[in-house]
Amino acid sequence: MTLGDRVKKIVGIEGNLRDELLPMITYNAFSAGQAAGSPLNGFNSLFVTEVEGMSPGFVGVRSLLGGLVDAFVDPFYGIMVDRTRTRWGRHRPYILLGILPWAALYFMQYHSFGLSQSGNFTAVAWYYIVVSMVMAAVNSFMNMPHVAMLPELAPGYFQRAQFNSMGLLTNGVTMPTMQALLMIFIGLTPMADVPHATWRLLAIISIAIAVPLMTVTPIFTKTPSSLAPPLEQKFDLSLMVREYKQVFRNRSFRQFFFMRYLWMFGWGFFNTAMGRGFFLRETMGAGHLVMLISTVAGVAEMVTFIPNYLLTKKVGKKKMVWFTTPVLFLSFALVLVLRPGWMPLLIIQELFANFGMTGMQWAIANIQPDTTDVDEMITGRRREGAITAVDNLVRTSSAAVLGWFIGTMLEFFGVEGRTPAGNPSPPMFAARATDYFGSFFGSTNAGLRLMRGILPMLFVGGAMLALRKFTMTKDDHVLIKQLIAEKHENGFVDPPDEVKTRMGEIAGQPWDDMWIGQPAELKESIPI
């Protein structure tokens, strides 16, 4: 057996290694580029609070307004992608057009063009809020077509897991590289003491790594032309409403929707950089270690790639959750007992958290593309753009509300940012938890433990319950693809009654009400 054959056996690739592997690499180059910008962006909330003088409350408002922009543009982007007709396909043009605006806005997240030196911190806050809002629109402009491209490139159940696995590998090159540069340039220096010039330099380096990689995907990923079939309906607001109403007819998607929403809140409460940074500073007395602890967390996340991948290949997309999530709950419990000076236990807690989260994260990422096949069984059309738009809306709205709540909560419990002169940042809200709950339960320490320990337990527990309700298996997915192929080929399909019942359970509606169960002459009657 040759080396190439051994690689194919381990990875699960059939056919020519080059033909199968190259699309995975070119598709995930975009993700690798964004991963290069992710480590620095993870500290942007600390940059604007500790360096630029924004209060946590303003950071929360920034997150909320950015999410509102996403909520407004996502539905239009989704329909726009599905209706795009070019010889380059439906997805690649948007990715290419968005890269340069993304680069400019990324730099502007770390440079206020002298505003922070003016002493007008309200103006500084609104500058970063506006930049964040425009960046949200540009990110969706590129990310939605990229995610929507995957079901088209990888129609198979496990093939999609392979594409996502390659994404972890490519991200595992660029993200640690940038994280290492952050350690070199910032290391154990408190965030407030890192010069503006260093932040700008790191932004430029991130852009220099990210942009060439992001460009690879739209130029070299081969996707079919979307010039045919021609559009049958003129776009208007009522069409958009019908399209997205149709998405929620899909029971599998509704299950995925609640699972994603609960998970985003659960993991988001714990893993926000601002929360981690202030927890280290206020509770552990070790604010200078935020970069080191974040690096430890990233390494822990990466090492779980192999067990996740192999278990998905062997037993399906949900198995790893039941191994890893108990470790995640243990890490949340440790947050409640950590004390200053307990640094070894803090490191163990972060390792447990980032190992524990990967099972649920992996399951959700691999389940989402399968819901598009259920949608095709219902409607008879490929609508990756609409499905991805709703999914993206879930993620961004979750992040927006979460960011607003975290910023408001931190300020409510007495956490303060720092101006360039070292003074507390001007607060956005006057209310404080101590006025309502007393000096113990209303303390900063209590608020941080609530945010990083108790709330994550509640929301992740809800996400696990939602995952248990998602019953579609690998065999179900294979059968769905076979039924769709037969319907497209013959105009009708008539499986046994038990199959019709099972497909109805997955889709959440009777077989005869779906496109898959309609005679050929009635296939256009399915409402959109």
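User: In this predicted model, at what angle do helix 11 and helix 12 pack?

Analyst: Helix 12 covers residues 290-302. Its axis and that of helix 11 lie 10 Å apart. The packing angle is about 130 degrees.

User: Which class does that put helix 11 in relative to helix 12?

Analyst: Roughly perpendicular ends at 115 degrees, and roughly antiparallel needs over 145. The angle here is about 130 degrees. Helix 11 is therefore, relative to helix 12, oblique.

User: Is the crossing of helix 11 with helix 12 left-handed or right-handed?

Analyst: The two helices pack with their axes 10 Å apart. Helix 11 passes helix 12 in a crossing that is right-handed.

User: Which residues of helix 12 does helix 11 meet?

Analyst: Helix 11 contributes Arg-276, Gly-277 and Leu-280. By class, this contact has 4 nonpolar, 2 polar and 1 charged residues. On the helix 12 side, the partners are Val-290, Ile-293, Ser-294 and Ala-297.

User: How many residues of helix 11 are buried?

Analyst: Helix 11 runs over residues 273-283 and is mostly covered. Among the buried residues are Arg-276, Phe-278 and Phe-279. Of its 11 residues, the buried count is 9.

User: Which residue just after helix 11 takes a positive phi?

Analyst: Helix 11 ends at residue 283. Just after the helix, a phi of about 65 degrees is found at Gly-285.

User: Which residue meets Arg-281 in a salt bridge at 3.0 Å?

Analyst: Arg-281 lies in helix 11, and its partner in helix 3, residues 44-51. The two are 231 residues apart, so to speak of distant parts of the chain is apt. At 23% relative accessibility, Arg-281 is partly exposed. The partner, buried at 9%, is Glu-50.

User: At what angle do helix 15 and helix 20 cross?

Analyst: Helix 15 spans residues 343-379, and helix 20 spans residues 497-507. Their axes come within 10 Å. The two are therefore roughly perpendicular. The angle is roughly 115 degrees.

User: Which residues of helix 20 make the contact with helix 15, and how do the contact residues divide by class?

Analyst: The crossing is left-handed. Helix 15 brings Val-374, Met-377 and Ile-378, while helix 20 brings Met-503, Ile-506 and Ala-507. The division is 6 nonpolar, no polar and no charged.

User: Which residue of helix 19 forms a salt bridge with Arg-502?

Analyst: The N to O distance is 2.6 Å. Arg-502 lies in helix 20, so the pair ties together parts that are 26 residues apart in sequence. Arg-502 is partly exposed at 21%. Its helix 19 partner, buried at 10%, is Asp-476.

User: What separates Glu-505 and Arg-502 along helix 20?

Analyst: Glu-505 also forms a salt bridge with Arg-502, the closest N and O atoms being 3.2 Å apart. Glu-505 is partly exposed, at 40%. Because they are 3 residues apart in helix 20, the separation is about one helical turn.

User: Is Arg-260 buried or exposed?

Analyst: Arg-260 lies in helix 10, residues 251-271. Beyond its sequence neighbours up to four places away, Arg-260 touches Ile-364, Asp-391, Val-394 and Arg-395. Its relative accessible area is 12%. The cut-off is under 20%, so Arg-260 is buried.

Notes:
Residues are numbered from 1 along each chain as its sequence is written. This is a predicted model: local features need pLDDT of at least 70, side-chain atom pairs count only at pLDDT 80 or more; totals for chains, interfaces and linings use all residues. Side-chain values use heavy atoms; hydrogens and water are left out. Helices (H or I, at least four residues) and strands (E, at least two) are DSSP runs, numbered from the N terminus. Buried means under 20% relative accessible area, exposed over 50%, partly exposed in between (1.4 Å probe, protein chains only). Contact means heavy atoms within 4.5 Å. Axes are lines fitted to C-alpha atoms, for helices over the stretch in contact, and angles run from 0 to 180 degrees between N-to-C directions. Angles under 35 degrees count as roughly parallel, over 145 as roughly antiparallel, 65 to 115 as roughly perpendicular and the rest as oblique. A crossing is left-handed if the near helix is turned anticlockwise from the far one by less than a right angle, and right-handed if clockwise. Ala, Val, Leu, Ile, Met, Phe, Trp, Tyr, Cys and Pro count as nonpolar, Asp, Glu, Lys and Arg as charged, and the others, Gly among them, as polar. A salt bridge is a side-chain nitrogen of Lys or Arg within 4 Å of a carboxyl oxygen of Asp or Glu.
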